[in-house]
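Me: Please take a close look at the aromatic rings of this model and tell me how they are arranged. I would welcome one connected account that also sets them against the chain as a whole.

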Amino acid sequence: MSPKRQRMTLALLAVVAIVGAVLLAMSALGDEAAFFYAPADAASAPTGKPVRLGGMVAAGSVRRAPDGVTIRFTVTDGKASVPVRFAGIVPDLFREGSGVVAEGRFVPGGGFVADNLLAKHDERYMPPQVAGKMHKSESIAK
């Protein structure tokens with residue numbers, strides 16, 4: 001085999017390997033990507049797929065189950081509300097009127113089952129995605 005043919009074969013194998021690696025990475029990331037939704041966007045959100053729901057915990061909505069682990073609350077963005085169920089340890093900073101991002105899945109009927117909760121860390125903090133959605137929904141409401 002001539003040196004030119006060897007270089008061409010190696011270049012072709014390298015291109016095939018790179019394309020294969022990119023396709024493999026895209027398929028792995030496609031299953032793990034979590035999109036962000038505000039409660040006003042919940043109607044267009046897919047059910048059963050991993051997503052993030054962000055907003056404020058509605059005042060008076062936190063209910064703890066007798067098992068001591070399950071908690072139900074409502075997330076609102078001022079325009080719409082979504083009921084959320086979470087079973088697990090709640091972050092210390094989680095409370096009514098605070099910002100929250102819940103990672104989980106929408107279920108048929110308009111509810112949300114959270115696998116993980118992320119709470120704000122001080123009075124002025126709000127996750128950037130939530131702040132953007134809140135400002136958009138407030139300007140639309142006016």
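Reply: What follows starts with the chain, turns to the ring pairs, and ends with two polar side chains.

The model is a predicted one, and its secondary structure amounts to 2 helices and 7 strands, arranged along the sequence in the pattern α-β-β-β-β-β-β-β-α. Of the 142 residues in the chain, 31% count as buried, while the accessible surface comes to about 9200 Å², with 61% of that area belonging to carbon and sulfur atoms. Among contacts with a separation of 6 or more, 51% are between residues 24 or more positions apart.

Turning to the rings, a search of the whole structure finds 3 aromatic pairs. One of these pairs joins Tyr 37 and Phe 106, whose ring centres are 6.2 Å apart and whose planes meet at 85 degrees, an edge-to-face arrangement. Because Tyr 37 belongs to strand β1 (residues 35–37) and Phe 106 to strand β6 (residues 99–107), this pair ties together parts of the chain that are 69 residues apart in sequence. Tyr 37 and Phe 106 are both buried.

Phe 106 also pairs with Phe 112: here the centres lie 4.9 Å apart and the planes stand at 75 degrees, so this pair, too, is edge-to-face, the cut-off for that class being an angle over 60 degrees. Phe 112 is buried, as is Phe 106. Taken together, ring pairs link Tyr 37, Phe 106 and Phe 112 into a cluster.

Two polar residues may be considered alongside the rings. Ser 61, which is found in the loop between β2 (51–57) and β3 (63–64), has a relative accessible area of 13% and is therefore buried, since the cut-off is under 20%. The side chain of Ser 61 reaches the backbone oxygen of Ala 58 at 2.7 Å, and, leaving aside residues up to four places away in sequence, Ser 61 touches Arg 72, Phe 73, Thr 74 and Glu 96. Thr 76, for its part, lies in strand β4 (residues 70–76) and, with a relative accessible area of 18%, is likewise buried. The side chain of Thr 76 makes a polar contact with the side chain of Ser 81 at 3.3 Å.

Key. Residues are numbered from 1 along each chain as its sequence is written. This is a predicted model: local features need pLDDT of at least 70, side-chain atom pairs count only at pLDDT 80 or more; totals for chains, interfaces and linings use all residues. Side-chain values use heavy atoms; hydrogens and water are left out. Helices (H or I, at least four residues) and strands (E, at least two) are DSSP runs, numbered from the N terminus. Buried means under 20% relative accessible area, exposed over 50%, partly exposed in between (1.4 Å probe, protein chains only). A polar contact is a pair of N or O atoms within 3.5 Å; within protein, one must be able to donate a hydrogen and the other to accept it, and residues adjacent in sequence count only if both atoms are side-chain atoms. Contact means heavy atoms within 4.5 Å. Accessible areas come from the Shrake-Rupley method with a 1.4 Å probe; for residues, only the protein chains shown count as cover. Rings of Phe, Tyr and Trp (its six-membered ring) pair if their centres lie within 6.5 Å; planes under 30 degrees apart count as stacked, over 60 as edge-to-face and the rest as tilted.
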